[in-house]
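This report describes selected elements of secondary structure, their packing and the contact between two chains. The structure is shown first, and the description follows.

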Amino acid sequence: MSGYSDPGFDTLSLHAGSAPDPATGARAVPIHLTTSFVFESSEHAAALFNLERAGHVYSRISNPTNAVLEQRVSALEGGIGAITTASGQAALHLAIATLMGAGSHIVASTALYGGSQNLLHYTLRRFGIETTFVKPGDIDGWRAAVRPNTRLFFGETVGNPGLDVLDIAPVSAIAHEAGVPLLVDSTLTSPWLIKPFEHGADLVYHSATKFLSGHGTVIGGIVVDSGAFDWEKSGKFPELTSPYEGFHNMVFSEESTVGAFLLRARREGLRDFGACMSPHSAWLILQGIETLSLRMERHMSNTRKVVEFLAANAFVSRVGHPMLESHPSHTLAAKLLPRGAGSVFSFDLKGSREQGKKFVESLKVFSHLANVGDCRSLVIHPASTTHFRMSDEALAAGGITQGTIRLSIGLEDADDLIDDLKRALKIAEKAGAL
Amino acid sequence: MKIDVKGHSTYSYTGGKPFDADKPTVIFIHGVLNDHSVWILQTRFLAHHGWNVLAIDLPGHCRSAGTPPASVEDAADFILALMDAAGLQQAALVGHSFGSLIALETAARAPKRVSHLILVGCAYPMKVSPVLLENSVTKPMMAIDLVNTFSHSTLAPPPSTLGPGTWLYGGSRALMKRVLASNTKDNVFHIGFKACNDYRNGEAAMALVTAPTLFLLGRQDQMTPLKGAQALIDKATHAKVVQLEVGHQLMTEDPDGVLFAIRDFLTS
């Protein structure tokens, strides 16, 4: 490549990390379905194991197909490198486990995906890592939650379930004052809507299952390092700045001034925890990324039309999307997410739990399932599925009503989506009158 | 390891092995806005295969204290002082870009103390455009982006400094920003570029070098294009030229190619 600036988003989406295969001439990225890679010699083997030479040994640690995906997402996010993982949750766990152990503390947003909330609130607590939850917009709360043993700030670009937008710059500034990095889950926005590193985040991860893949075919995750956080200056991360007995007494921050996190995460995290991604999964996600910008544009244009329709419907009491002035994050979203705040959002029916069920069952184009970020439009009714054990009071405390519906807007014709919603709304409304 | 050079602590990466002055020593000198970590793969290999390596952070860069050298000549004096402080009578010198000029000038000043001279991504004269020189002061982040783009030749590099999954455009940019930020007193970006631009002794220095000299050049290099090294190649007494199909960041775009060229030259 030659030119006066880095290639653009669409070019990187297609070319970052991949060139025609020198062995076969294959233009598409080959799927390297192999567990292991033959050494050229005993010396070559030793050099690979000792990080004297770079290359592939065993597909739990690295694989050529996965490496293309890692380079591509790094390029799109503006990072220095990445590690693919078995799922988004595995990416989150890898980031946390690389940075801390028992006795550490995390400050996290309250507006998190339920799986992440479970990991922090219940599971990690069992392993001696505590979390203080702070409302994402409570800037003073982030600062007040810092403890001497805090090792990480964590939030989502747009949080679950209310699409609260994380004001990354002030939160990262507080994290950096405390000498710790900010990790951001960018799953719902993808790098097409926002690049968190440009606003001060240090680490980003995705559930690649969602928009990066985009076709509802694969489970995968990826964690990307900005290379901006100075682990040595912080002094709080001996995992990265002191000799590691578990790997040749390597001091990762000496080996790489900017890439210590990734060195340890791959050499320890993938080696020991083993939550790696299949090369086949990596290939499917790469296919999705090739059209990411085209898909995201359509996701957003469809979302705008659906939100406008719902906001004008008399049987809808609330639409929770930041594009609406009524949303608490409207102004912040306009600033940080000018292309849109994502295509996953919730709205409330003026109805009972039964009417919510009736609405979902009456939809024909929307698929009733537990996922988001598919090219197909999806729907779920929390009160009768993910939160069905909760009382009405408990639902209310979580910001969920009996009539709350979550949508993930896909790529179908917007008119068909609106017709589907219109019909189901009528049926649900009539069900309340019976 | 840290070595005290003229009262200033100088950091040298030793490749994961303790410094052993009895082994043949190779000193690695980085370019503008880089540090020791650009050599990480080559140095780690050599350190585990019989060499003693010192990959330095130049004074005033990252882990090294002191004032950043304002000229190639000042930097050459520093390298000789480093060798004195480390108790090295002789060493092979490997330099990249700005570092290649420093290695050249050092070898000219003390020919008997340099066993091999390896010039990576080298050109003479190493002119820097007035606009870039100015932007290194007034718009350093924009200038970093420009240099970064010109320094790379491929969107699909092989596994590199961080292993598989390394994105070199991002890695080099992050390193340049980190090095610039490491010195809040002196602008090491401008000082380094100005030193390259002002160096006038290249051909005379090359004529004084007695060590065998390897020119390790990138065919796609836009910062120091191939033809830029020809004047020095013509002046060198014992020159070998190796060309790799990469850009200016040879060590990270083709780490094995650079390693093998260095290893083979040191052992030939």
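## An open sheet in chain A

In this predicted model, chain A contains an open sheet of five strands with mixed pairing, arranged in the order β8-β9-β12-β11-β10. The edges are occupied by β8 (316-320) and β10 (367-368) of chain A; each has a single partner strand, so one side of each lacks a neighbour in the sheet.

The partner of β8(A) considered here is β9 (residues 344-349) of chain A, to which β8(A) is joined by four bridges. The two strands run antiparallel. Within this pairing, A:Gly320 has A:Ser346 of β9(A) as its bridge partner.

## The contact between chains A and B

Chain B contributes 35 residues to the contact between the chains, and chain A contributes 46 residues. On the side of chain B that touches chain A, at least two residues each come from α1 (40-47), α5 (140-151), α6 (168-182) and α11 (255-267) of chain B. The largest share, six residues, is supplied by α6(B).

By class, this side of chain B comprises 16 nonpolar, 14 polar and five charged residues.

## Packing of α1 and α11 in chain B

Two of the helices that supply residues to the side touching chain A, α1(B) and α11(B), also pack against each other: their axes come within 9 Å and cross at roughly 40°. Because an angle of this kind falls outside the ranges for roughly parallel, roughly perpendicular and roughly antiparallel, α1(B) and α11(B) are oblique to each other. Their crossing is right-handed.

From α1(B), the contact involves B:Leu41, B:Gln42, B:Phe45 and B:Leu46, while α11(B) provides B:Pro255, B:Val258, B:Leu259, B:Ile262 and B:Arg263. Seven of these residues are nonpolar, one is polar and one is charged.

## Packing of α4 and α7 in chain B

A second helix pair in chain B is formed by α4 (residues 130-138) and α7 (residues 188-198), whose axes come within 8 Å and cross at roughly 160°. The helices α4(B) and α7(B) are therefore roughly antiparallel, since the cut-off for that description is an angle over 145 degrees. The crossing of α4(B) and α7(B) is left-handed.

The residues of α4(B) in this contact are B:Leu132, B:Leu133, B:Ser136 and B:Val137; those of α7(B) are B:Phe189, B:His190, B:Phe193, B:Lys194 and B:Asn197. Five residues of the contact are nonpolar, three are polar and one is charged.

Key
Residues are numbered from 1 along each chain as its sequence is written. Chains are lettered from A and ligands numbered from 1 in the order in which they are written. This is a predicted model: local features need pLDDT of at least 70, side-chain atom pairs count only at pLDDT 80 or more; totals for chains, interfaces and linings use all residues. Two residues are in contact if their C-beta atoms, placed from the backbone, lie within 7 Å. Ala, Val, Leu, Ile, Met, Phe, Trp, Tyr, Cys and Pro count as nonpolar, Asp, Glu, Lys and Arg as charged, and the others, Gly among them, as polar. Axes are lines fitted to C-alpha atoms, for helices over the stretch in contact, and angles run from 0 to 180 degrees between N-to-C directions. Angles under 35 degrees count as roughly parallel, over 145 as roughly antiparallel, 65 to 115 as roughly perpendicular and the rest as oblique. A crossing is left-handed if the near helix is turned anticlockwise from the far one by less than a right angle, and right-handed if clockwise. Two strands pair if DSSP finds at least two bridges between them.
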